[in-house]
Amino acid sequence: MVASDDGKCVVVEQRPEAEPEYGVLTRLGQAIMLHRAGDREEARNRLAALWQEIGPRGDAFHRCALAHYLAGTQDDPRDALDWDLRALAAAEGFVTERPARARPAAAPAGGAGPRHPLAALRAFFPALHLNLAADYAGLDRPADARAQLRRARASVRSLAEGEHRRRLTAAIVRLELRIEGAPGASR
């Protein structure tokens with residue numbers, strides 16, 4: 001995930017898969033490339049079709065990532081908020097409702113093993129809250145934006161030290177300054 005100047009976060013890492021689900025991730029990646037290349041409408045169409053395909057009971061990581069990226073393709077800020085809320089709901093549902101799936105598998109001898117789905121979803125939380133804060137700020141709902149920034153700041157503390165954590169922390173600070181109307185804050 002990378003924090004952008006507008007306070008939104010973009011997920012750029014993929015979860016290693018234990019089962020063969022690469023088709024969804026491949027098509028998700030293709031839609032993301034379309035969006036980054038400027039074809040917002042086609043990206044939105046492909047992501048929406050993929051969302052319909054996996055359905056409300058599909059893999060939580062896929063639903064979270066799809067909703068996250070669908071939010072970024074929306075023209076209406078209220079639609080972006082709706083998709084960001086779906087992304088957060090998918091992540092929270094997985095973390096709180098599936099304790100059996102949340103147990104990490106034993107790592108193979110001599111290695112750390114693949115990243116567990118729960119860890120991948122937990123790593124989303126700072127970005128999800130930051131995106132919601134940016135959505136609320138864009139809708140002129142500063143109290144809601146501040147509440148999400150508090151959640152983003154709390155959840156970023158659970159991330160390992162490193163560039164990703166530093167970028168998210170910097171994006172949180174930039175959005176806080178923008179919401180407070182501080183001099184020099186980018187709008």
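# Close-ups of an eight-helix chain

**Arg 165 counts as buried, since its relative accessibility is 19%.** Here buried means under 20% relative accessible area, exposed over 50%, and partly exposed in between (1.4 Å probe, protein chains only). This is a predicted model, so local features need pLDDT of at least 70 and side-chain atom pairs count only at pLDDT 80 or more, while totals for chains, interfaces and linings use all residues. Residues are numbered from 1 along each chain as its sequence is written, and side-chain values use heavy atoms, leaving out hydrogens and water. The partner of Arg 165 is Glu 161: they form a salt bridge with the closest N and O atoms 3.1 Å apart. A salt bridge means a side-chain nitrogen of Lys or Arg within 4 Å of a carboxyl oxygen of Asp or Glu. Unlike the buried Arg 165, Glu 161 is exposed, at 65% relative accessibility.

**A salt bridge within α8 links Arg 167 and Glu 163.** Helices (H or I, at least four residues) and strands (E, at least two) are DSSP runs, numbered from the N terminus. The N to O distance for this pair is 3.2 Å. The two sit four residues apart in the helix, so about one helical turn separates them. Both ends are partly exposed: Arg 167 comes in at 35% relative accessibility, and Glu 163 at 41%. Elsewhere, Arg 40, Arg 44 and Asp 75 are joined into one network by salt bridges that share partners.

**Glu 180 and Arg 146 pair up in a salt bridge, with 2.6 Å between the closest N and O atoms.** Glu 180 belongs to α8 and Arg 146 to α7, so the contact ties together parts 34 residues apart in sequence. Arg 146 is partly exposed, at 32% relative accessibility. The whole structure holds 12 salt bridges.

**Helix α7 keeps its buried residues on one side.** The buried set is Ala 145, Gln 148, Leu 149, Ala 152, Ser 155 and Val 156. They cover an arc of only 130° around the axis, which puts them on the same side of α7 (the arc is taken over directions from the helix axis to the C-beta atoms). Turned away from that side is a face carrying the exposed residues Ala 143 and Arg 150. Ala 147, also in α7, is partly exposed with a relative accessible area of 26%. Ala 147 and Leu 132 are 15 residues apart in sequence, and their C-alpha atoms lie 9.6 Å apart. As a geometry check, the 15 residues of α7 should span 21 Å at 1.5 Å a residue (1.5 Å times one less than the number of residues). The end C-alpha atoms are 20 Å apart, which agrees.

**The largest nonpolar core has 46 residues.** Such a core is a set of buried Ala, Val, Leu, Ile, Met, Phe, Trp, Tyr and Cys residues joined through side-chain atoms within 4.5 Å. Leu 28, Cys 64, Leu 121 and Leu 130 have the most contacts inside the core. Helices supplying at least two of its residues include α1 (22-36), α3 (60-72) and α7 (142-156). The largest share, 11 residues, comes from α6. Which residues does Leu 28 touch, not counting residues up to four places away in sequence? They are Leu 47, Leu 50, Ala 65, Leu 66 and Tyr 69 (contact means heavy atoms within 4.5 Å).
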